[in-house]
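Biologist: I have a structure open on my screen and would like to learn how to read it. Could you take me through some features, one at a time?

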Amino acid sequence: MPERFDPLSQLTLEQLRDRTSAKWRHYPSDVLPLWVAEMDVPLAAPIARALHALVERGDTGYPGDTPYLEAFASFARDSWGWEVPVATARPAASVITAYTDTLADATDLGGTVVVTSPAYPPFYLYLRQAGRTVAEAPLDADLRLDFASLERAFASATEGGARAGFLLCNPHNPGGTVHTRDELAAVADLAARYGVQVVSDEIHAPIVYEGAEFVPYLSVDPRGIAIHAASKGWNLAAIPAAVLVFGADALVAAERYDAGKHAHATHWGAVAQTAAYNEGREWLADLVAGLDRNRHLLASLVAERLPGVRYHLPAATYLTWLDCRALDLGDDPAAAFLSRGRVALNHGHTFGTGGAGHVRVNIATSPEILTEAVDRMAATLVG
Ligand SMILES: Cc1ncc(COP(=O)(O)O)c(C=O)c1O
């Protein structure tokens, strides 16, 4: 059998250190960076071709007629059997702007948006900047939804008839939990009971490993709003765009979205993501195969070299979560791994309740770099 292309094994550390993006420039050059959600992969060839064509043509204007929404709808149908009527979808500048705008619309100033912690830190940041209160419904010890905590949060958020929202992360960052159909149906029931608007951030849906099934939230809740993007699956953070999908019973929110203040996708973002959805599927399959090997590699490296650390084998995403509370490194083990081990991981406590004593490790790199990172973590523990 011909060997498969592995996007994660194409670039040397020297080539990566030439990069000028946040992952490679935030820390000094002796630090090995496995933090922010960038992948150590070359650009997928079809996306590179589309971008080169834009450069060649000097095609740097406002968004044109790229079939971005159609490309996403076709990807959703083929990947998840999900029929997305294009008329219910809208391009957005990025996932963050899409969830901030729709949740600001669903709540009043000072109103509450519930998140399930530990959660991607910008869930807190941008909603607070929009004048909303962020309330936490912590996940359980296995990073699964805890319906008692969710119900308490919904009850408190809607007290006195207040309008409230729930920003679901499906699959979840950090740790890669893929919510099941039953769990999502229970979320939908609870949200309907309390009148909470659910916005489901599904940016990580393209990266789900064998054994788990991504269930689009709108397939269980017509009142919901979902957000998709190719930016994590194909490493396009530099040229973002997103697709907002409004459920059949949320179309008034789509009308308000059209009439309200929001940021459009850029032409390049839409063109790049159109190429990803239409022509980047084989590349994505190769990527997921490599990440699948890395998630198991990390399991064996942790077992061998980091005794006491609990690793949540992710069902999705490359953003893994390590419980380091048994080590003697306090609430912020990432600080010790950085200062003593010279390896940059995300600080668990910045992910809210449930994050202290944890680190997030980005495994979207070569097996060699991942191994070196764990060696550096292990060296931190010696002496
Ligand atoms: C859950 C989640 N939502 C949103 C984003 C960022 O999306 P965008 O760059 O399109 O705003 C990320 C990036 O890592 C993420 O993990």
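Biologist: Let me start with charged side chains. Which residue does the side chain of Asp59 meet in a salt bridge?

Modeller: Happy to help, and please keep in mind that this is a predicted model. The general idea comes first: side chains of opposite charge can pair when their charged atoms come close. Here Asp59 pairs with Arg57, with 3.0 Å from N to O.

Biologist: Are these two buried, partly exposed or exposed, and what is the relative accessible area of Arg57?

Modeller: Arg57 has a relative accessible area of 56%, and because exposed means over 50%, Arg57 is exposed. Asp59 has 23% relative accessibility, so Asp59 counts as partly exposed.

Biologist: How many salt bridges does a search of the whole structure find?

Modeller: The search finds 18. One of these links distant parts of the chain: the side chains of Asp6 and Arg293 form a salt bridge at 3.4 Å, N to O. Asp6 belongs to the segment before α1 (13-17), while Arg293 is in helix α11 (residues 281-305), and the two are 287 residues apart.

Biologist: Where do Asp6 and Arg293 stand, buried or partly exposed?

Modeller: One of each. Asp6 is buried, with a relative accessible area of 13%, whereas Arg293 is partly exposed at 48%.

Biologist: What about Lys23, which residue does its side chain meet in a salt bridge?

Modeller: The partner of Lys23 is Asp40, and the N to O distance is 2.9 Å. Lys23 lies in helix α2 (residues 22-25) and Asp40 in the loop between β1 (32-33) and α3 (45-57), so this salt bridge ties together parts that are 17 residues apart in sequence. Both Lys23 and Asp40 are buried.

Biologist: On to the ligand. Which residues are around the ligand?

Modeller: To read a binding site, start with a list of neighbours and then look at individual atom pairs. The residues around the ligand include Ala37, Ser94, Val95, Ile96, Tyr120 and Cys169. Also among them are Asn173, Asp201, Ile203, His204, Ser231 and Lys232.

Biologist: Which ligand atoms lie by Val95, Asp201 and His204?

Modeller: Let me take them in turn. For Val95, a backbone N or O atom lies 2.8 Å from an oxygen atom of the ligand. Asp201 uses a polar side-chain atom, 2.6 Å from a nitrogen atom of the ligand. His204 also brings a polar side-chain atom, which lies 2.8 Å from an oxygen atom of the ligand. As for cover, on its own the ligand has 400 Å² of accessible area, and the protein covers 92% of that.

Biologist: What is the space taken by the ligand?

Modeller: That space is the largest pocket.

Biologist: Now a histidine away from that list. Which backbone oxygens does the side chain of His358 reach?

Modeller: Look for side-chain to backbone pairs here. The side chain of His358 reaches the backbone oxygen of Gly354 at 3.4 Å and the backbone oxygen of Ala356 at 2.9 Å. His358 is placed in strand β13 (residues 358-362), and its relative accessible area is 4%, so His358 is buried.

Biologist: How far apart are the C-alpha atoms of Leu301 and Thr371?

Modeller: They are separated by 7.2 Å, although the two residues are 70 residues apart along the chain. Leu301 is in helix α11 and counts as buried, at 4% relative accessibility.

Biologist: Finally, the backbone. Which peptide bonds are cis?

Modeller: The general idea is that most residues other than glycine have a negative phi, and most peptide bonds are trans. Cis bonds here include the one joining Ser117 and Pro118, with omega about 0°, and the one from Asn170 to Pro171, with omega near 0°. Pro118 sits in the loop between β3 (112-115) and α6 (122-129). Pro171 is in the loop between β5 (164-169) and α8 (181-194).

Biologist: And what is the phi of Leu143 and of Thr317?

Modeller: Leu143 has a positive phi of about 65° although it is not a glycine. Leu143 lies in the loop between β4 (133-136) and α7 (147-157) and counts as buried, at 4% relative accessibility. Thr317, which is not a glycine either, has a positive phi of about 65°. Thr317 is in the loop between β9 (310-312) and β10 (319-323), and at 0% relative accessibility Thr317 counts as buried.

Terms used. Residues numbered from 1 in each chain as written. Predicted model: local features only at pLDDT ≥ 70, side-chain atom pairs only at ≥ 80, totals over all residues. Heavy atoms only, no water. Salt bridge = Lys/Arg side-chain N within 4 Å of Asp/Glu carboxyl O. Helix = DSSP H or I, 4+ residues; strand = E, 2+ residues; numbered from the N terminus. Buried < 20%, exposed > 50% of the residue type's maximum accessible area, 1.4 Å probe, protein only. Near = heavy atom within 4 Å. Polar contact = N/O pair within 3.5 Å; in protein donor to acceptor, adjacent residues only side chain to side chain. Areas by Shrake-Rupley, 256 points an atom, 1.4 Å probe, with all protein chains shown as cover. 1 Å grid on protein atoms, 1.4 Å probe; cavity = no way out; pocket = protein on both sides within 12 Å on 5 of 7 lines; lining within 4 Å. Sits in = over half its atoms within 2 Å of the grid points.
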